[in-house]
Amino acid sequence: MADPKFRTLIHKLLERSKGGKVQWEATAVEGVYQAAFPQYSVKIYSRPNPNVVATDYILEVADNEGQVIDEIRDTDFPDEYENMRDLFNCARSVGLGLDRALDSILAALGRDDPPSAEPPEPPGITDEDVPF
Amino acid sequence: MGGGRLIFWAAVASIAGVAVSIIGFVVTIIGVWRSRSAAEQAKAAAREARQGILELETIQDFTAVTTIMEEIKRLHRAGAWAVLPDRYTALRKLLGAILAANPDAPDDQKALLVGSINQFRVMENAVERALADKTAPDVVGLNKIVSQKLDKLNEVLLTFRLKP
């Protein structure tokens, strides 16, 4: 039986990750993303489920020596499947830098061209300008 | 008349005795205060010296960390996978020592240390698995992670060096 606090952890991580407040990073293992905190770290990854045509999502909590203390799978909280999937996608997006890349490209695409400033017409020569 | 003089001198002696007692008491108080103040100053000096030694050790550990990380990058490029797990372990121990010696460090610095320890544990497991499976790990991907961590740890090292 998974600790019910994990449910709160999933919600908080998802909320903060969507707000860009969790620094997810890619690890040496493809598809595994981690976020570190002052004493602990969390890792999230996905794995194809061999029994059903679906993907399992796993969230691990590690201590400050990198030792895994506990882990939960989406099957521990079936009603949290979508949140865990969203959290994984969010972690992947931030960890791979996709989030920043898309923001940058969208900002560049959305930038309006500055209106072409027509050069001011030179002041016309009047009789007053003629010195003689 | 002689009796009156005697009483007078007895009173003077009594007053003088009280005065000497009061002065002695004040001198004792000042002495105690001074010795306590000196003890506290000595304690503060010892605390500062200890803190200074810890900071110096942290700088030395950081320098050793950056040296090992550079070495790890070279070993990755050379494909010296068999010797790498020991280097990852040495690196994690040093990072752990820095973390333990600096409990008052800012949260972002502690998170960086914890994240680095975790990264190198994952890396160690990945290399061990590759060794067992007789496959070659992704050198570019591994060195990219090492370089990213190295840059961030160098920034923290700089803050330690700039400490007054």
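Is G3(B) buried, partly exposed or exposed? With a relative accessible area of 42%, G3(B) is partly exposed, because that class lies between buried, under 20% relative accessible area, and exposed, over 50% (1.4 Å probe, protein chains only). The model is a predicted one, in which local features need pLDDT of at least 70 and side-chain atom pairs count only at pLDDT 80 or more, while totals for chains, interfaces and linings use all residues. Residues are numbered from 1 along each chain as its sequence is written, chains are lettered from A and ligands numbered from 1 in the order in which they are written, and side-chain values use heavy atoms, with hydrogens and water left out.

G3(B) belongs to helix α1 of chain B, which covers residues 2-78; helices (H or I, at least four residues) and strands (E, at least two) are DSSP runs, numbered from the N terminus. Between G3(B) and V20(B), 17 residues apart along the chain, the C-alpha atoms are separated by 25 Å.

Chain A has 3 helices and 5 strands. Read from the N terminus, the order of its elements is α-β-β-β-β-β-α-α. Chain A has 132 residues, of which 32% count as buried. Among the contacts in chain A with a separation of 6 or more, 44% come from residues 24 or more positions apart, a contact being heavy atoms within 4.5 Å. The area that chain A exposes is about 9200 Å², with 53% supplied by carbon and sulfur atoms; accessible areas come from the Shrake-Rupley method with a 1.4 Å probe, and for residues only the protein chains shown count as cover.

The two chains meet through 18 residues from chain A and 17 residues from chain B. Together they bury about 1400 Å², 55% of it on carbon and sulfur atoms, where buried area is the accessible area (1.4 Å probe) that two parts lose on being put together, summed over both. On the side of chain B, V114(B), N118(B) and V122(B) lose the most area to chain A, together 35% of what that side buries.

Across this interface there are 7 residue pairs in polar contact, both residues at pLDDT 80 or more. A polar contact is a pair of N or O atoms within 3.5 Å; within protein, one must be able to donate a hydrogen and the other to accept it, and residues adjacent in sequence count only if both atoms are side-chain atoms. In chain B, the elements that give two or more residues to the side touching chain A are α2 (84-101), α3 (107-133) and α4 (139-161). Of these, α3(B) gives the most, with 12 residues. By type, the residues of that side are 9 nonpolar, 3 polar and 5 charged; Ala, Val, Leu, Ile, Met, Phe, Trp, Tyr, Cys and Pro count as nonpolar, Asp, Glu, Lys and Arg as charged, and the others, Gly among them, as polar.

The count of salt bridges between the chains is 1, a salt bridge being a side-chain nitrogen of Lys or Arg within 4 Å of a carboxyl oxygen of Asp or Glu. K149(B) forms a salt bridge with E25(A), and their closest N and O atoms are 2.9 Å apart. K149(B) sits in helix α4 of chain B and counts as buried, at 5% relative accessibility. Leaving out residues up to four places away in sequence, K149(B) touches E25(A), M69(B), L112(B), G115(B), S116(B) and Q119(B).

Two loop residues of chain B remain. N102(B), in the loop between α2 and α3, counts as buried at 9% relative accessibility. K134(B), in the loop between α3 and α4, is exposed, with a relative accessible area of 76%.
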